[in-house]
Amino acid sequence: MLRRRALTASALAAAAVSAVAVPASSGAGESSKTPVVTVADDYFAPDDVKVPAGSKVKWVWDDVNTDTHNVVVTGTRPDGVKKADFRSSSGAVGITYAPKFKVPGKYEFVCTYHKSVMRMDVKVTK
Ligand SMILES: [Cu+2]
């Protein structure tokens with residue numbers, strides 16, 4: 001398990017580097033990079049992300065997954081944000097999900113297939 005996490009961490013680092021190289025299509029002048037979260041069997045890495053309002057967070061499904069996963073916001077979310085606003089499709093591999101966070105506050109996400117172990121927070125600052 002430790003070994004697996006280490007591999008994922010280096011894959012994450014590589015993904016983060018390529019994310020920096022690709023400028024955001026909107027948000028002129030923004031230089032902030034988009035955090036990348038790996039969706040794996042059965043955890044999110046990292047499981048705590050902080051971004052300024054207006055940023056995206058990009059979830060990327062690990063290529064070696066055998067379980068089905070999704071990313072769904074829980075009841076822990078800012079007022080005015082609907083549950084339907086943050087819900088990815090479900091699958092094991094080949095999925096990316098990169099919603100934009102406009103409303104500041106704390107968002108909790110789960111994989112609905114592995115709720116007890118796959119949970120994470122996104123904190124959006126003003
Ligand atoms: Cu899952």
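Strand E1 (residues 36–40) and strand E5 run parallel to each other and are joined by 4 bridges, and within this pairing Val-39 stands opposite Trp-61 of E5. These strands belong to a predicted model, whose chain contains 1 helix and 10 strands. The mean pLDDT of the chain is 85, with 75% of its residues reaching 70 or more. The points below take up the overall make-up of the chain, the surroundings of E5, the copper site, the open sheet and three individual residues.

**The chain as a whole**

- Reading from the N terminus, the order of elements is α-β-β-β-β-β-β-β-β-β-β, and of the 126 residues in the chain, 36% are buried.
- When contacts between residues at least 6 apart in sequence are considered, 61% of them join residues that are at least 24 apart.
- Over residues 15–31 the pLDDT stays under 50, and for this stretch the model has 6 contacts beyond four places in sequence.
- Where pLDDT is low, the predicted coordinates should not be read in detail.

**Strand E5 and its partners**

- Strand E5 covers residues 58–61, and it has a covered face, formed by Trp-59 and Trp-61, as well as an uncovered face, formed by Lys-58 and Val-60.
- In a regular strand the side chains alternate between the two faces of the sheet.
- Besides its parallel pairing with E1, strand E5 pairs in the antiparallel sense with strand E7 (residues 96–97), over 2 bridges.
- In this second pairing, Val-60 has Thr-96 of E7 as its bridge partner.

**The copper site**

- Four residues coordinate the copper ion, namely His-69 through ND1, Cys-111 through SG, His-114 through ND1 and Met-118 through SD, at distances of 2.0 to 2.7 Å.
- Along the chain, these donors follow the spacing H-x41-C-x2-H-x3-M.
- Two of the donors link distant parts of the chain, since His-69 sits in the loop between E5 and strand E6 (72–73), whereas His-114 sits in the loop between strand E9 (105–110) and strand E10 (119–125), 45 residues apart.
- Both of these histidines, His-69 and His-114, are buried.
- The arrangement around the copper ion is tetrahedral because the 4 donor atoms subtend angles of 89 to 131°, and for four donors this label requires all angles to lie between 85 and 135 degrees.

**The open sheet**

- An open sheet is formed by 4 strands in the order E3-E10-E9-E6, and the pairing within it is mixed.
- Its edge strands are E3 (48–52) and E6, each of which pairs on one side only.
- Strands E9 and E10 run antiparallel and are joined by 6 bridges, with Gly-105 standing opposite Val-124 of E10.
- Strands E3 and E10, in contrast, run parallel and are joined by 5 bridges, with Pro-52 standing opposite Thr-125 of E10.
- The side chains of E3 alternate along the strand, so that Val-49 and Val-51 point to one face and are buried, while Asp-48, Lys-50 and Pro-52 point to the other face and are not buried.

**Three individual residues**

- Ser-55 is found in strand E4 (residues 55–56), and with a relative accessible area of 6% this residue is buried, because buried means under 20%.
- A polar atom of the Ser-55 side chain lies 2.7 Å from the backbone oxygen of Pro-52, the residue that stands opposite Thr-125 in the pairing of E3 with E10.
- Asp-47 is found in the loop between strand E2 (43–45) and E3, and at 47% relative accessibility it counts as partly exposed.
- Although Asp-47 and Asp-121 are 74 residues apart in sequence, their C-alpha atoms are 6.3 Å apart in space.
- Leaving aside residues up to four places away in sequence, Asp-47 touches Arg-119, Met-120 and Asp-121.
- Thr-74 lies in the loop between E6 and E7, and at 10% relative accessibility it counts as buried.
- With residues up to four places away in sequence again left out, Thr-74 touches Lys-83, Glu-108, Phe-109, Val-110 and Arg-119.

Key
Residues are numbered from 1 along each chain as its sequence is written. This is a predicted model: local features need pLDDT of at least 70, side-chain atom pairs count only at pLDDT 80 or more; totals for chains, interfaces and linings use all residues. Side-chain values use heavy atoms; hydrogens and water are left out. Buried means under 20% relative accessible area, exposed over 50%, partly exposed in between (1.4 Å probe, protein chains only). Two strands pair if DSSP finds at least two bridges between them. Donors are N, O and S atoms within 2.8 Å of the metal (3.2 Å for Na, K and Ca); water is not among the atoms, so sites may look incomplete. Four donors count as tetrahedral if all angles lie between 85 and 135 degrees; four count as square planar and six as octahedral if opposite donors are over 155 degrees apart and all others between 65 and 115; anything else is irregular. A polar contact is a pair of N or O atoms within 3.5 Å; within protein, one must be able to donate a hydrogen and the other to accept it, and residues adjacent in sequence count only if both atoms are side-chain atoms. pLDDT is the predictor's confidence in each residue, from 0 to 100. Contact means heavy atoms within 4.5 Å.
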